[in-house]
Every structure is written in structure tokens, then in C-alpha cells.
Amino acid sequence: MPKKIKVPPYLKKNDTIAIVCPAGAMPAKKAAKCIETLQQWGYHVKAGKTLGQHFHYFSGTDEQRLNDLQQMLDDPTVHAILCGRGGYGTSRIIDKLDWKKFRKHPKWIIGFSDITVLHSFLFTKLNYASLHAPMANAFNEDGWKSPYVFSLKNALAGKKNRYKVAPHPLNRKGTARGLLLGGNLSLLVHQLGTASDINMKDAILFIEDISEYLYHIDRMLVQLNRAGKLKQLAGLVVGGFTDMKDTSTPFGKTIDEIIYASVQDYPFPVCFGFPVSHEKENMALKIGMPYEMRVGKTVTLKEI
Amino acid sequence: MNRKKFIKGLLATAGSTLLVNQLLAGTDPSLRGLVPQPPLLLPGDIIGITCPANPMELKEMLNTQRLLQMWGFKICVGNTVGQQWERFGGSDAERTADLQLMLNDPSIKAILFARGGYGAMRIVDRVDWSAFQQSPKWLVGFSDMTAIHCHVHTLFGIPTLHAEMASGFKQQETISTRSIRYLLSGNRIEYTAPAFGQNRKGTAQGILVGGNLSLICAMLGSKSELQTEGKILFIEEVNEFKYTLDRMMMSLKRSGKLSNLAGLIIGGVTATRADNEMTFPMSVEEIISEKVQEYNYPICFGFPAGHVPNNYALKLGVPHHLQIESTGSFLREIIAPSVVPPVQPIEDSTNNNLMFGHLPVNG
């Protein structure tokens with residue numbers, strides 16, 4: 001039986017969303033549209049010190065990033081934490097975070113890409129649901145009125161996800177129910193063998209990645225497989241694998257074919273082309289919550 | 001050759017006999033110099049060549065063939081050489097079958113992998129290792145072959161050779177290929193590396209394990225995951241972004257692989273720069289040092305092995321003695337006193353190639 005996950009309270013009008021950058025640096029002006037939109041949705045916004053700050057590649061030193069995130073985790077007047085952006089750096093601070101106050105006042109932690117490290121940790125170690133969703137940059141240009149940013153709004157307000165996906169020739173039919181897990185493939189694999197290694201038994205796993213060599217993707221899938229993770233799944237949801245790179249000896253398979261081959265021995269349903277990615281197409285998904293995926297003539301993924 | 005280095009090598013050797021005696025009296029059986037090793041090669045022995053990863057054309061084999069023959073060995077070229085399936089030297093089934101044939105054939109005394117790239121970890125679970133366990137033979141390679149090194153060490157404890165592959169054989173014998181010949185024929189190598197600012201001084205004894213960092217990390221969570229406790233870990237990497245290096249070192253750290261080492265050896269590590277990102281605020285050495293700063297085992301940087309011009313062959317899975325001093329780093333195999341061969345230096349006519357280290361050899 002899947003474990004019982006704890007669900008942080010959904011947001012009400014006038015609640016406060018904090019914005020922090022636990023990994024890469026983000027100029028403050030790039031978060032302006034996000035802040036404005038969150039305010040229009042009826043929330044207060046509290047910008048952390050790491051937003052608009054940079055220490056070379058990072059938004060601050062490890063200590064600064066840790067302190068900023070810790071402060072927002074501890075602050076009972078903060079009801080959700082939206083990560084400004086990903087990049088790299090969350091795993092450098094994850095083991096130093098203190099979750100005592102978070103347990104007393106749980107809150108939604110929002111983001112994707114490098115933030116997969118936080119999601120994995122929350123699910124595995126703390127047993128809390130979290131929100132895989134667009135981050136601050138997704139609000140820019142016309143993003144704030146896109147269905148993807150809108151899906152974040154709905155998720156925060158407590159509406160259940162119901163997504164319909166276009167059919168794909170490599171889809172494998174079937175129905176699965178399970179807790180939804182996932183995120184960025186590189187970061188999921190980065191957790192293997194560590195304290196935040198994810199228990200994927202009976203889960204619906206979703207994966208996405210960007211700018212990787214095809215053979216790296218294959219290697220990561222082989223690693224997941226050899227770690228015994230893929231055979232345990234109830235279903236697989238494949239998001240965007242964009243800006244893929246190949247070597248001078250071409251792989252000879254498309255990215256979808258590589259992913260399909262890695263699970264061809266297993267019986268569970270597989271859905272390709274789900275709008276979760278580093279591009280605009282990035283629907284909010286609640287990690288740790290029970291979902292149902294139906295792959296047939298029509299393809300749906302919905303929270304149950 | 002550097003006379004001073006050589007004298008130091010001799011002294012270190014005298015020390016090693018004492019050390020082995022102490023170890024033999026100790027409690028750790030893995031350090032008694034008694035880890036059985038695959039048999040040495042004799043003139044006329046056959047070396048098999050196979051492609052567990054990327055493909056290799058037959059015409060690329062000429063140097064390898066010539067040199068191995070000059071060394072007095074015969075060659076068995078596997079079915080995967082000269083073949084290609086997608087990006088590999090054959091399908092998973094074909095690459096497995098080729099390696100299997102060579103592992104099982106008692107007339108093949110060692111297996112030299114054709115080249116790295118990617119693909120070995122796709123077949124390690126398909127291979128039946130039982131014949132190899134019964135009669136081990138030296139498996140020679142690096143880079144992607146780290147998957148095979150890790151698998152064989154963790155599951156069977158059989159030593160392997162981290163060394164240049166067929167693709168790296170030049171027309172003339174190089175330091176890299178000569179060191180293979182030395183180790184396969186039972187000569188010892190006393191490795192030296194120049195002093196390095198970020199080195200941590202000290203002495204360590206332990207079984208040498210490791211290889212390519214990406215592949216060591218790709219084994220995490222699987223049954224071929226390296227056990228590093230009490231061991232000397234060797235890592236090398238080529239052409240990765242600094243943030244990827246940092247992430248991999250974090251993986252090793254968070255999986256506990258760095259906490260109980262006897263020592264750490266860093267071979268060639270090169271990073272590429274991410275043009276689209278701000279610079280990573282640490283050097284490669286800082287990225288590595290930072291992850292192990294809370295421990296106090298010795299650390300050697302700049303060891304001549306990996307994707308570097310002088311890729312010295314290393315016996316993985318075998319106890320080694322590592323000594324890091326202000327003058328440089330010294331590594332040698334721990335050998336039971338009864339089998340210690342005499343060390344005799346040779347003058348090297350291609351001394352220009354000798355960037356680090358030297359190759360004493362018994363006469």
C-alpha cells in the first residue's frame with residue numbers, strides 16, 4: 001500500500017508566497033512579472049535575499065542560500081515558497097536544512113529542474129507533498145496568461161489537476177493509479193544511493209530533461225533500471241526532452257525511442273509528450289499525491 | 001631519469017616490505033598482499049580485443065596489432081570489432097556474446113577493450129561471469145569500462161587493469177602502453193606524481209578502486225556500486241561542466257562514498273566552460289577538496305592516469321601504498337614479501353614523454 005502523504009494547506013486570499021533562489025542566480029527584474037501576477041491572484045509576496053543577488057554562478061554562497069530558504073521555511077507567515085529558478089545548487093544545501101518548523105507549519109514548495117532535489121527530499125524523508133510547477137521566469141512575456149502558469153494558480157488554490165494529453169504513437173495503453181513522483185531526470189538520478197533516494201514502488205513517475213547528450217539520457221535510464229526503480233513503477237509519464245545533443249557517433253534512436261526501449265520489458269502504461277518541460281509547456285503537478293493515468297485513444301492524467 | 005626520485009623509490013620499497021610484514025600481522029585480510037590476481041601473461045599468450053561500448057573499425061586496429069605482436073603476444077579480434085549497431089560496437093546481445101566468448105575461452109589470457117564511449121553498463125548484467133570467476137583474466141580498459149571495473153570489484157573482488165585501450169595504441173610504444181606491458185608481465189611500477197598545492201600529506205594503505213567519475217556515479221544505487229570503505233579511491237574525468245563535476249562529487253559525498261576512504265587519488269580531470277552561465281566560483285581542485293575537507297585522509301592531485309597523455313596502467317582491486325609528501329606523491333602495489341621482485345631502473349630513451357613518474361622494472 002502506498003504511504004499516506006501529508007498535504008500542506010492550500011492557499012487562501014491574502015496568504016503570502018515567498019520567492020527564493022536556492023540554486024542559480026536570478027536578476028530581480030526577471031521576477032517582476034511573477035510578483036505582479038501573484039499579487040493579482042490575491043497573494044502577498046515576500047522576496048528573499050537571494051532573489052536578485054548573485055555569487056558567480058549561484059544566487060549566493062551556500063550559507064546565504066541556506067539561510068534564505070531556512071528563514072522562509074521557518075516563517076509561519078509564509079504559506080508557500082516559490083523558487084525563482086533552478087540551475088544547480090540545491091543539493092549543496094539540502095542536508096543542512098532544518099525542517100522542525102516546517103513540520104509545524106507545512107507549506108507548498110514550488111519549482112522544477114534543480115528543485116527536484118527538494119521534491120525528492122520532501123517525499124522521501126519528510127512525507128510531504130510539493131508542487132512541480134513553473135517558476136518565476138515562466139511568467140515573463142505572455143507566460144503569465146498561459147495555461148501552464150494558470151495551472152499553478154489552480155493548484156495553489158486547491159483545485160485538483162485534470163490533464164488531457166495528445167495521443168502519441170509510442171504510447172503504451174493501460175490504466176494506472178499511484179502516487180505521482182518525478183521531475184528532472186538528471187536530478188532524480190543524482191539522488192540514487194543517497195539519503196534522498198526515492199522509493200518509486202507503485203508510483204507514477206514523470207520525467208523531463210534539457211540539453212543532455214542522448215547517451216547521457218540512456219545512461220541515466222539504465223542506472224534507474226539497474227537500481228531497480230523502473231520495474232517497480234505503476235506508470236511512466238514522459239515530458240519534454242528538449243535541446244538534446246548527440247555525439248559524433250550518432251545514437252541512432254530518437255529520444256522517445258531511447259526512453260521507450262528502457263521500459264519495453266515492463267507492462268505498465270507509458271504516455272509520451274506530456275506538457276512538463278523546461279519549455280513553456282509545463283503543467284503543475286503535485287508530487288506525492290495520488291493520480292490516475294489512462295492511456296488509450298484518449299490520454300488523461302488526473303489527481304484522484 | 002631523475003636519480004633522486006629513484007632513490008626515494010628504493011627507500012619506499014624497503015619501507016613497503018616492513019609495512020607488508022606489519023599488515024600481515026594485522027587483522028585486515030584484504031591488505032595482506034594476498035588478494036589473488038589474474039595470471040600474468042607469457043610470450044605467445046593470446047589477448048582478446050572486444051568492443052563493449054563504442055564501435056571500432058578494423059583499420060583502427062593496426063597499431064594495436066603491431067605493438068601486441070612486438071610484445072610477443074597473439075591477438076584474437078572479436079566479432080564486434082569492425083561492426084556497428086546504432087552508436088555501439090554491436091547490439092547489446094552481440095556485445096555481450098563477444099565479451100562472453102572471450103571470458104569463457106581459456107586460451108584467451110587477457111581482454112583488451114577496444115575503446116570507451118558508452119555502452120558497457122548496458123551489458124554487465126547480461127554477462128555470465130561464472131567462468132571468469134573460476135579462471136580470472138586481466139580486463140584492460142578505462143573510461144566507460146569503469147562500469148566493468150566496478151561490477152567486477154564489488155561482486156567478485158577480482159583485480160582489473162585501469163589502462164589505455166586499443167584505440168589509444170600508437171605506432172610506437174608510449175608510457176601508457178608500456179605500463180600495460182609491464183603490469184601484464186609481472187613488473188612493478190612505482191608511480192610518482194609531482195607535488196601539488198591542494199594535496200593533503202599522509203600515508204595510506206588500501207585496495208585501489210575507482211575510475212571515471214561519471215561511471216562511478218552511474219553505478220550508485222545498483223549492485224555494482226563501489227564499496228569504498230578503507231580503500232584508496234581513484235577518480236578521473238574528462239570534459240564535464242564544473243557544475244556537473246560538483247554535482248557528481250555531491251552524489252559521492254551524499255551516498256557516503258567519501259567518508260571512510262583510506263586515501264583519494266585524482267587523475268586527469270578536465271572541465272569545460274558553460275558559455276551560457278556565469279562562471280562557477282571554484283576550480284576543479286577546489287570542487288573536489290571541498291567535498292573531502294572534513295576528512296583527514298591523504299589526497300593526491302595530478303596523478304598521471306585517465307584521459308591524459310601519460311595514462312599509467314593501474315591495478316584496481318589490489319592493495320596499494322600511497323605516500324604523499326611535500327616533494328610529491330608516491331604509489332606502489334603492496335606485495336607479499338615472498339613475491340617482491342627486485343627493482344631495477346631502466347633508462348628511458350623516450351624520456352621526453354616522462355612527464356610524471358618513472359617505471360622501474362625488474363631485470
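**Strand pairing, helix packing and the chain A–chain B contact**

In this predicted model, strand S7 of chain B (residues 202–212) is largely enclosed by the rest of the structure, because nine of its 11 residues are buried. S7(B) is joined by six bridges to strand S12 of chain B (residues 319–325), and these two strands run antiparallel; within this pairing, B:Gly206 has B:His320 of S12(B) as its bridge partner. Five bridges also join S7(B) to strand S8 of chain B (residues 232–241), here in a parallel arrangement, with B:Leu208 bridged to B:Ile232 of S8(B).

In chain A, helix H8 (residues 214–226) packs with helix H9 (residues 255–262) at an angle of about 15°, the two axes lying 10 Å apart. Angles under 35 degrees count as roughly parallel, and H8(A) is therefore roughly parallel to H9(A). The crossing of H8(A) and H9(A) is right-handed. To this contact H8(A) gives A:Leu214, A:Ile217, A:Asp218, A:Leu221 and A:Asn225, whereas A:Ile255, A:Ile258, A:Ile259 and A:Ser262 come from H9(A). Classified by residue type, the contact of H8(A) with H9(A) comprises six nonpolar, two polar and one charged residues.

The contact between the chains takes 27 residues from chain A and 25 residues from chain B. On the side of chain A that touches chain B, the elements that give two or more residues are helix H3 (90–93) and H8 of chain A, and the largest share, five residues, comes from H8(A). By class, this side of chain A has 11 nonpolar, 10 polar and six charged residues.

Technical notes: Residues numbered from 1 in each chain as written. Chains lettered and ligands numbered in written order. Predicted model: local features only at pLDDT ≥ 70, side-chain atom pairs only at ≥ 80, totals over all residues. Axes fitted to C-alpha atoms, helices over the stretch in contact; angles between N-to-C directions. Helix = DSSP H or I, 4+ residues; strand = E, 2+ residues; numbered from the N terminus. Parallel < 35°, antiparallel > 145°, perpendicular 65-115°, else oblique. Left-handed = near helix turned anticlockwise from the far one by under 90°. Contact = placed C-beta atoms within 7 Å. Nonpolar A, V, L, I, M, F, W, Y, C, P; charged D, E, K, R; others polar. Buried ≥ 20, exposed ≤ 12 C-beta atoms within 10 Å, placed from the backbone. Pairing = 2+ DSSP bridges.
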